[in-house]
Amino acid sequence: MARTDCFLTVDDVELHYSAWGDPDDPPIVCVHGLSRVGRDFDALAAALEDEYHVVCPDMPGRGWSEWPEDTAAYTNEAMAELLVGFCDTLGFEEVRWVGTSMGGGLGMALAGGSLADRISHLVVNDVSPDPTGDAEEAALERMVNYVGDPPTVDTVTELEAYYRELYEGRFSTMTDEEWTAFTLRSARRTDDGGITRAYDPRILEGLGGDGDADEGGPDGWTIWDEIDADLMVVHGEDSEILPTPVYEKMLERRPDAESIEVDSGHAPMLNTHEQIKPIREFLD
């Protein structure tokens, strides 16, 4: 089946999501990273749509989803609540979850919290349960610097060149065709006709504007220890967001978790057979 563009409103925010496969099949929710979009999961969703109903939302302020007036909608707490409403609206009583970076963090919080009785399988793509170590915080600070100052250029070709330079050595390998598609899915026109990244720069206000994660709430490692869902961790071998010692700690604390290591930084794109095949087998 072809990908379908869908829209629904949750907590007064209109969300766009891509839908793949038969709605009567078991659902998979795929949630992207901080400044990314749901279309990042196109390759994975296309490989899973024969047996699953795969939905890939653009989180508020990203892609084709609404930019809320109140930036409180960009906090982790608000986005987690919105995702519960998203699943409720779509009638998902049991769901498999794939989350990259921010989407993985939200998946862990929900699998250990308000969706604990509904998330049966959780794929955490290159993020720690508690990214507060010195290395992770330094990497997050660098990420915040470029997320908060997106360039505006004249052409899509220039934006693609920017993306290639920005993510060189971070994402897993992509073909020229994939880079162009990535750019088109991640671009928007500005009021003066320029081209820039497809998100609201105010998304950082959900992090306090300076890269600090939401304060309060249960400890991330405690949540990780207590998640009942089947677990898989995907790790970029050169990731700064999920350093190898932290990745190993995740597996030590949860020896039942399956894992994949990818020759990349942050974050594996889940776009190749070598990455998709073990995820498919895990979700099955």
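Q: In which helix do tryptophan 179 and phenylalanine 182 both lie?
A: Let's start with their spacing in this predicted model. The two residues are three apart, about one turn of the helix. In an α-helix there are 3.6 residues a turn, so residues three or four places apart point the same way. Tryptophan 179 and phenylalanine 182 are both buried, and the helix that holds them is α6 (residues 176-185).

Q: How many aromatic pairs does the structure hold, and which kind is the pair of tyrosine 17 and phenylalanine 86?
A: The total is nine aromatic pairs. For tyrosine 17 and phenylalanine 86, the ring centres are 5.3 Å apart and the planes stand at 85°. Planes over 60 degrees apart count as edge-to-face, so this pair is edge-to-face.

Q: How many residues apart in sequence are the parts that tyrosine 17 and phenylalanine 86 tie together?
A: Handily, each ring belongs to its own element: tyrosine 17 lies in strand β2, and phenylalanine 86 in helix α2. Both residues are buried. Their pairing therefore ties together parts separated in sequence by 69 residues.

Q: Which kind of pair do tryptophan 179 and phenylalanine 182 form?
A: Here the ring centres lie 5.5 Å apart. Both residues also belong to one aromatic cluster, whose members include Tyr146 and Phe171. The planes of tryptophan 179 and phenylalanine 182 meet at 75°, so the pair is edge-to-face.

Q: Which residue just after α2 takes a positive phi?
A: Helix α2 covers residues 76-89 and reaches 20 Å from its first C-alpha to its last. Just after this helix, a phi of about 70° appears, and the residue that takes it is glycine 91.

Conventions
Residues are numbered from 1 along each chain as its sequence is written. This is a predicted model: local features need pLDDT of at least 70, side-chain atom pairs count only at pLDDT 80 or more; totals for chains, interfaces and linings use all residues. Side-chain values use heavy atoms; hydrogens and water are left out. Helices (H or I, at least four residues) and strands (E, at least two) are DSSP runs, numbered from the N terminus. The expected span of a helix is 1.5 Å times one less than its number of residues. Rings of Phe, Tyr and Trp (its six-membered ring) pair if their centres lie within 6.5 Å; planes under 30 degrees apart count as stacked, over 60 as edge-to-face and the rest as tilted. Buried means under 20% relative accessible area, exposed over 50%, partly exposed in between (1.4 Å probe, protein chains only).
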